[in-house]
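Please read these comments with the model open beside you, and follow each point on the structure as you go.

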Amino acid sequence: MNLIKTRGLVLKSISYGEYDKILTVLTQESGKISVMVKGGKSINHGKSSQTLLFSYGDYILYDKGGMYILSSAEVIESFYDLTKDLDKLNLASEILQFINFTCDESEDLGDLLRVTLNTLYALVHYNKSLAMVKAVFYTKTCECLGLSPIVGMCMECGCTDSGRFSPSFGGTICTECALECPDAIPIMPQTAQVMEYILNCDIKKMFSFKAEEEDFANVYMLIKEFIKIHLDYEI
Ligand SMILES: [Zn+2]
């Protein structure tokens with residue numbers, strides 16, 4: 001029996017039959033994979049998927065008829081503290097659902113994994129606000145998917161007036177071009193700056209800056225509309 005070792009984050013856990021579970025794991029080496037946990041529903045089972053959802057760790061698997069079966073797991077980070085705060089838990093669940101969805105749209109799953117891990121760390125260990133976590137996570141994920149909004153100039157005519165944002169056009173536009181664009185809404189310069197920082201920064205630095213809560217809320221509101229149109233996904 002060939003054992004395979006892979007490192008990854010458990011995005012999803014569903015029941016299979018009476019006793020088993022199937023996990024969806026985003027891995028560094030093999031992309032997104034499904035892994036069966038035999039007896040995963042049993043409470044006393046050492047590998048209970050109850051303890052594995054949100055877990056980042058090393059998974060030892062074997063292949064049985066084209067299906068990965070979990071042999072053992074060594075958890076590096078369980079993000080256990082998520083269970084102590086319902087708002088954080090809900091947001092983390094939303095984030096994993098979205099990442100699970102976007103994995104099918106992306107070729108570079110390594111970056112998506114890094115963005116997701118940094119986001120969960122920021123939420124659990126650095127106590128960043130929910131508004132910041134939402135704005136940064138969703139914006140940075142768009143960048144990783146090659147879907148960056150264009151911010152900082154008019155994306156239609158290239159002029160320096162970037163006072164409006166159009167989710168459907170995919171970025172900032174000037175007052176004149178906005179006349180042709182039904183969903184253009186005003187964007188404050190500091191909101192545009194926050195969005196620009198997130199899109200351009202290294203993934204390692206995505207939470208290493210400060211801004212007003214209001215700007216995070218505005219970035220989130222715009223990126224949410226952008227995602228609805230360009231990824232056909234409702235956050
Ligand atoms: Zn223009």
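The points below go from the strands to the helices that lie across them, and then to two pairs of packed helices.

1. Please keep in mind throughout that this is a predicted model. Its strands include a closed barrel of five, which runs in the order β1-β2-β3-β5-β4 and has mixed pairing, while the twist from one strand to the next averages 50°.

2. Within that barrel, strand β2 (residues 20-27) is paired with strand β3 (residues 31-37) in the antiparallel sense, over seven bridges, and Ile 22 can be found opposite Met 36 in β3.

3. Helix α1 lies across β1 (3-16) and β2, and runs at about 115° to β1, whereas helix α2 (residues 109-124) lies across β1, β2, β3 and β4 (56-64), running at about 65° to β1.

4. Helix α1 (residues 86-102) also packs with helix α3 (residues 130-144), at an angle of about 5° and with the axes 12 Å apart, which makes α1 roughly parallel to α3. On the α1 side the contact is made by Asp 87, Leu 91, Ile 95 and Thr 102, and on the α3 side by Leu 130, Val 133, Lys 134, Phe 137 and Thr 141; by class, five of these residues are nonpolar, two are polar and two are charged.

5. Helix α5 (residues 189-200) and helix α6 (residues 213-230) have axes that come within 9 Å and cross at roughly 70°, so α5 is roughly perpendicular to α6. Their crossing is right-handed, and the residues in contact include Val 194 and Met 195 of α5 together with Phe 216 and Val 219 of α6. The residues of this contact divide into four nonpolar, three polar and one charged.

Methods
Residues are numbered from 1 along each chain as its sequence is written. This is a predicted model: local features need pLDDT of at least 70, side-chain atom pairs count only at pLDDT 80 or more; totals for chains, interfaces and linings use all residues. Axes are lines fitted to C-alpha atoms, for helices over the stretch in contact, and angles run from 0 to 180 degrees between N-to-C directions. Helices (H or I, at least four residues) and strands (E, at least two) are DSSP runs, numbered from the N terminus. Angles under 35 degrees count as roughly parallel, over 145 as roughly antiparallel, 65 to 115 as roughly perpendicular and the rest as oblique. Two residues are in contact if their C-beta atoms, placed from the backbone, lie within 7 Å. Ala, Val, Leu, Ile, Met, Phe, Trp, Tyr, Cys and Pro count as nonpolar, Asp, Glu, Lys and Arg as charged, and the others, Gly among them, as polar. A crossing is left-handed if the near helix is turned anticlockwise from the far one by less than a right angle, and right-handed if clockwise. Two strands pair if DSSP finds at least two bridges between them.
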